[in-house]
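Reader: Please take me through the packing inside this model, with a close look at the aromatic rings and whatever helps to place them. I would enjoy one connected account that I can follow on the screen.

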Amino acid sequence: MRDGEVVAPNERLSWPLTIGLGVQHVAAMFGATVLVPTITGFPVTTTLLFSGVGTLLFLVITRNRVPAYLGSSFAFIAPLEAARGEGIAAQLGGVLVAGLLLIGVGVAVKALGVRLLESVMPPVVTGAVVVLIGLNLAPEATKSFGSQPLIGAITLAVILLCGLVSRGLLSRVSILVGVVTGWVVAAMTGGLDDNRLDALAAAAWFGLPEFHAPQLRPSVILLVIPVVIVLVAENVGHVKAVAAVTGRNLDGNVGDSLIADGVATALAGSSGGSGTTTYAENIGVMAATRVYSTAAYAVAGLTAVLLSLCPKFGALVNTIPDGVLGGATILLYGMIGLVGVRIWMANRVDFADPVNLLVVSAAIVAGIGDLEITLGGMTVSGIAWGSMFVVTAYPLLRWLRHRGDGREVTGRRPRG
């Protein structure tokens with residue numbers, strides 16, 4: 001190997017170097033992957049287990065053509081937090097259904113092509129759903145931040161400095177560095193919970209993760225279904241990003257990627273883990289190292305599985321105080337929302353178009369304002385209302401406007 005030479009997905013370096021690269025991928029995904037179960041109350045080690053297993057399944061299902069790591073999806077945070085009062089079994093039922101729906105989308109895309117997604121979910125729809133999911137939990141972030149403002153501010157400052165000032169791997173693991181720094185400051189200032197520290201001391205070093213069976217509840221399923229739109233957008237975007245950095249045409253693998261992520265998410269939901277998605281952090285590591293070998297991802301998946309077999313590790317993560325979570329999530333929730341804005345900008349969505357403007361405005365306020373309406377004893381929250389509105393109202397109003405203008409409605413959809 002010459003310095004800077006590209007390593008293709010179907011190639012690998014020597015095993016010592018491959019293992020080192022795999023550990024680097026673990027470092028890149030680690031902070032975000034463990035943060036999701038920490039926020040939502042899911043078992044950390046169980047989520048890590050299914051993250052690792054899901055990555056290995058992803059490599060098998062995509063036939064080693066798409067190098068990617070499946071970590072915890074932030075899109076699940078808002079609906080899982082909203083359904084926290086229903087219990088973990090009901091939350092898992094929502095994750096399970098989301099995974100099964102994603103499998104169905106993947107099968108359809110594999111059979112009919114990627115253009116199916118563009119016709120059913122144009123950028124104005126996907127962007128709106130991402131925005132309202134990302135910003136729905138803004139009050140929770142500020143509440144956690146306000147409980148320990150000094151610790152929250154230090155955590156946020158470190159994340160920003162690492163992400164903006166530093167280069168290379170340190171910028172990719174800025175969340176992890178910020179959380180660890182915040183935890184250390186909390187430990188030095190008495191900001192850690194004594195009960196959680198006692199649980200850490202009592203936890204065993206080795207043991208199986210904590211498993212739970214799912215329970216299907218319509219109210220929770222309605223909350224989680226919009227996440228499928230986000231997962232589809234993330235997977236398609238990440239496959240295109242991998243194609244860009246590897247210089248390969250991977251459009252034919254989008255269906256396999258969606259199916260693989262759906263299988264991983266459904267498997268996690270069936271036993272106690274949070275839903276998964278392909279990780280941009282690891283794509284960044286590939287772009288920096290120019291090593292696209294799927295063998296490194298296999299090592300990363302196996303490493304995550306090994307970490308999941310340490311209950312003391314899960315108990316350690318559980319000691320992260322509210323201020324640290326607030327400092328991280330006040331940034332992360334905003335970033336998720338802005339991903340939706342980026343989708344609009346990249347696709348030049350025209351908000352001078354009244355259909356785009358009116359539909360998106362109503363949907364976003366319903367989602368961010370967390371509009372809750374009880375129907376027949378079932379409470380439906382703002383995420384579900386906003387997402388259902390934009391998905392159903394957009395094509396209907398677009399059709400009515402075209403008909404009102406006297407223009408023929410064709411199968412071709414507008415760019416917005």
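Author: Let's settle one term before we look around: a residue is buried under 20% relative accessible area, exposed over 50% and partly exposed in between, with a 1.4 Å probe and protein chains only. Alanine 233 is a handy test, because its relative accessibility of 24% puts it in the partly exposed class. You will find alanine 233 in helix α12; helices (H or I, at least four residues) and strands (E, at least two) are DSSP runs numbered from the N terminus. The C-alpha atom of alanine 233 lies 9.2 Å from that of isoleucine 343, although 110 residues separate the two along the chain. The model is predicted, so local features need pLDDT of at least 70 and side-chain atom pairs 80 or more, while totals for chains, interfaces and linings use all residues. Residues are numbered from 1 along each chain as its sequence is written, and side-chain values use heavy atoms, without hydrogens or water.

Here is the overall frame. The protein has 19 helices and four strands, and 53% of its 416 residues are buried. A contact means heavy atoms within 4.5 Å. Of the protein's contacts with a separation of 6 or more, 82% join residues 24 or more positions apart.

Now for the rings. Those of Phe, Tyr and Trp (its six-membered ring) pair if their centres lie within 6.5 Å, and the planes are stacked under 30 degrees, edge-to-face over 60 and tilted otherwise. That rule gives two aromatic pairs here. One joins phenylalanine 50 to phenylalanine 211: the ring centres are 6.4 Å apart and the planes stand at 75°, which makes the pair edge-to-face. This pair ties together distant parts of the chain, since phenylalanine 50 belongs to helix α2 (residues 44–61), while phenylalanine 211, 161 residues away, is in the loop between α11 (194–202) and α12 (218–246). Phenylalanine 50 has a relative accessible area of 7% and is therefore buried, whereas phenylalanine 211, at 44%, is partly exposed.

The other pair is tryptophan 344 with phenylalanine 351: it is also edge-to-face, because the planes meet at 80°, and the ring centres are 5.0 Å apart. Tryptophan 344 counts as buried because its relative accessible area is 11%. Its partner, phenylalanine 351, is partly exposed at 28%.

Tryptophan 344 leads us to the interior. A nonpolar core is a set of buried Ala, Val, Leu, Ile, Met, Phe, Trp, Tyr and Cys residues joined through side-chain atoms within 4.5 Å. The largest core holds 97 residues, and the members that touch the most others are Leu35, Phe74, Phe76, Ile133, Val232, Phe313 and Trp344. Helix α12 gives this core more residues than any other element does, namely 13. To see one of these aromatic residues in its surroundings, centre your view on phenylalanine 313: apart from neighbours within four places in sequence, it is in contact with Phe30, Val34, Val44, Thr45, Leu48 and Leu307. Separate from all this is a second core of five residues, with Leu13, Leu21, Val291 and Ala296 among them.

Alanine 296 makes a good bridge to proline 67. Their C-alpha atoms are 8.8 Å apart, across 229 residues of chain. Proline 67 sits in the loop between α2 and β1 (70–72), and its relative accessibility is 0%, so it counts as buried. Leaving out residues up to four places away in sequence, proline 67 touches two tyrosines, Tyr292 and Tyr297, along with Pro9, Val242, Met286 and Thr294.

While you are in that loop, look at two more of its residues. Arginine 63 lies between α2 and β1, with phi near 55°, a positive value in a residue other than glycine. Asparagine 64 shares the loop between α2 and β1, and its phi, near 60°, is positive as well. Arginine 63 is partly exposed at 44% relative accessible area, and asparagine 64 is partly exposed at 37%.

A last stop is glutamine 148, in the loop between α7 (138–147) and α8 (149–164). Glutamine 148 is a polar residue that counts as buried, because its relative accessible area is 18%. Beyond four places in sequence, glutamine 148 touches Gly191, Pro321, Asp322, Gly323 and Val324.
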